[in-house]
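User: Can we go through the ligand site in this structure together?

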Amino acid sequence: MQDASTPRTPLLGIDLGTTNSLIAVWQDGRAQLIPNALGEWLTPSAVSIDEDGSILIGQAARSRLTTHPERSAAAFKRFMGSEKRLELAGQTFSPEELSALVLGALKQDAEAWLGCSVSEAVISVPAYFSDEQRKRTCFAAELAGLKVQRLINEPTAAAMAYGLHEQKFERTLIFDLGGGTFDVTVLEYALPLIEVHASTGDNYLGGEDFTHALVQACLKDLQLATDSVEPQALASLYDGLEQIKRKLNEGPQQLQWRCAGEMREWSLDEGRAQKIWEPLLARLRAPVEQALRDARLNPRDLDSLVLVGGATRMPVVQQMVATLFGRLPYRHLDPDTIVALGAASQAACRARDQAIEELILTDVCPYTLGIAAVRGESRRQAFVPIIERNTVIPTSRVERFHSTHPEQKTVRIEVYQGERPWVSDNIFIDAFDIELPQADRIQSMDVRFSYDINGLLEVDVALEGGERHSHVIDRSPAGLDDAARAASHGRLAALKIHPRDALPNRALLARLERAWMQSLGEQRDQVGQWLEAFTAVLGNQHAQDINSTRQRLNTALDEQGL
Ligand code: AMP
């Protein structure tokens with residue numbers, strides 16, 4: 001509970017992860033994690049629709065991914081910014097609607113813990129998230145009733161938590177491999193200054209891809225096509241291989257998997273896993289090399305290496321990092337929680353909290369921004385950069401362009417983001433038209449891009465005669481008009497969210513059902529008895545009995561590794 005010295009508006013940081021999400025608060029001069037309804041820091045970023053139509057978020061939904069895959073969804077952050085819809089129990093949701101449900105659960109947990117309402121937060125996003133992905137994240141927050149104080153890049157948040165902890169002067173590379181995204185950030189601490197020099201990454205590479213690669217290899221060995229396997233059996237295979245992935249450092253692992261009434265077996269050791277993951281491990285190298293190149297550093301110039309994100313717990317990833325840099329990574333802050341703590345520190349920084357007032361953080365724009373232009377005789381539209389990637393933000397840059405022929409009446413300014421020479425290969429952001437004065441000659445114009453600390457881009461065009469046109473890139477998600485936004489608000493408002501207080505019991509029931517499905521023989525009988533016993537205790541409605549039985553059964557399941 002909060003004490004009297006807590007400021008009126010809590011300074012909150014949220015790590016909205018692909019696999020897990022966390023919320024932290026700046027209190028008493030330090031960042032602290034806030035526990036969820038189950039008393040845990042990590043809330044799985046998973047949503048499920050219960051049989052009575054109510055929405056489950058977090059651990060219970062995570063367990064139901066295996067038992068009720070057609071009613072559950074996870075890893076939807078991977079689709080943020082796309083038009084993909086996910087279907088749960090016959091209802092369709094956008095990735096930002098599902099993310100809003102997770103944010104709403106975190107908000108409720110924070111409110112219960114702090115004893116006051118919460119309306120604002122700093123939210124972390126992968127550094128390499130595009131403009132559209134950032135906008136959709138803001139929209140998810142809006143749907144959850146949260147105002148985004150600032151979006152902070154995940155590795156930058158980690159750097160902040162690490163800097164506050166260490167108080168050092170050094171050059172550091174942050175290697176952040178989460179469930180669905182990969183970010184590399186090179187920065188320099190000269191406290192109180194933390195300066196980001198380069199940020200690169202891959203928005204479609206994370207720990208989930210390593211599990212997916214195991215699933216594909218297993219199905220191939222067992223001569224099964226993915227679409228021939230029932231959704232529930234496939235979900236159970238993902239679950240089993242996720243566990244095996246985490247235990248591989250303990251020695252060779254054996255999978256037992258029931259598919260179409262038949263028991264299947266598959267074994268895996270580190271050597272085979274390394275082969276299966278070779279293409280993914282190779283993809284980790286390029287962003288590291290690019291970040292160092294952009295920061296004009298060699299691996300030996302770095303003083304330290306920080307690993308962030310759950311997937312950096314994989315020994316093969318640690319080995320790859322050690323080989324790439326010729327040294328062991330530095331990691332004594334928890335890679336799962338560091339980003340949320342950093343985001344809360346950023347919230348304190350913005351609020352000019354005394355304990356953190358001194359710290360100055362500079363960040364970069366991780367991708368190149370520019371406009372479409374005709375180059376030479378080519379008919380293809382070329383991409384002309386105005387702000388190059390890894391420019392320190394805020395920044396303002398100007399480039400001169402010319403009309404293409406003397407009679408031209410309007411010019412269309414098309415803004416793109418990306419690293420490819422032709423606009424067709426880059427990401428379209430926005431476009432607008434400008435009227436040219438009648439002059440019967442080729443006219444020049446200066447196009448200025450101003451990019452602020454939140455990623456807000458403003459485009460200014462100055463014509464020869466001094467006439468100026470200013471255009472703020474629309475922050476509302478592209479492709480989402482007012483009607484679509486209102487529909488999202490309406491859809492979420494109509495949902496019945498499972499009551500928070502009942503979640504610990506619901507989560508245990510879901511866990512027992514999953515454990516029953518995954519076990520066999522005597523272990524399955526035992527789980528079946530626990531399930532019956534807990535259902536009976538719930539029926540008696542005696543709070544103390546329910547709590548003690550729940551604790552006992554959760555411990556028993558932990559001991560069985562279920
Ligand atoms: P994050 O989004 O940072 O929570 O990272 C989640 C990813 O980390 C998931 O893909 C997990 O499979 C992976 N992960 C978490 N713990 C481990 C572990 N002990 N070994 C291997 N992978 C892990």
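Here is a short chat about the ligand and the residues around it.

Analyst: Quick heads-up: this is a predicted model, where local features need pLDDT of at least 70, side-chain atom pairs count only at pLDDT 80 or more, and totals for chains, interfaces and linings use all residues. Residues are numbered from 1 along each chain as its sequence is written, and side-chain values use heavy atoms, leaving out hydrogens and water.

User: How many residues are around the ligand?

Analyst: A residue is near the ligand if one of its heavy atoms lies within 4 Å of it. G179, E242, K245, G310 and A311 come nearest. The full count around the ligand is 14 residues.

User: How far is the polar side-chain atom of K245 from an oxygen atom of the ligand?

Analyst: A polar contact is a pair of N or O atoms within 3.5 Å. For E208, a side-chain N or O atom is 3.3 Å from an oxygen atom of the ligand. For K245, the gap between a polar side-chain atom and a ligand oxygen is 2.7 Å.

User: What percentage of the ligand's exposed area does the protein bury?

Analyst: Accessible areas come from the Shrake-Rupley method with a 1.4 Å probe. Taken alone, the ligand exposes 500 Å². The protein buries 87% of that.

User: Which element gives the largest share of the shell around the ligand?

Analyst: Helices here are DSSP runs (H or I, at least four residues), numbered from the N terminus. Both α5 (207-221) and α6 (231-247) give two or more residues to the shell. The largest share, three residues, comes from α6.

Terms used: Polar contact = N/O pair within 3.5 Å; in protein donor to acceptor, adjacent residues only side chain to side chain.
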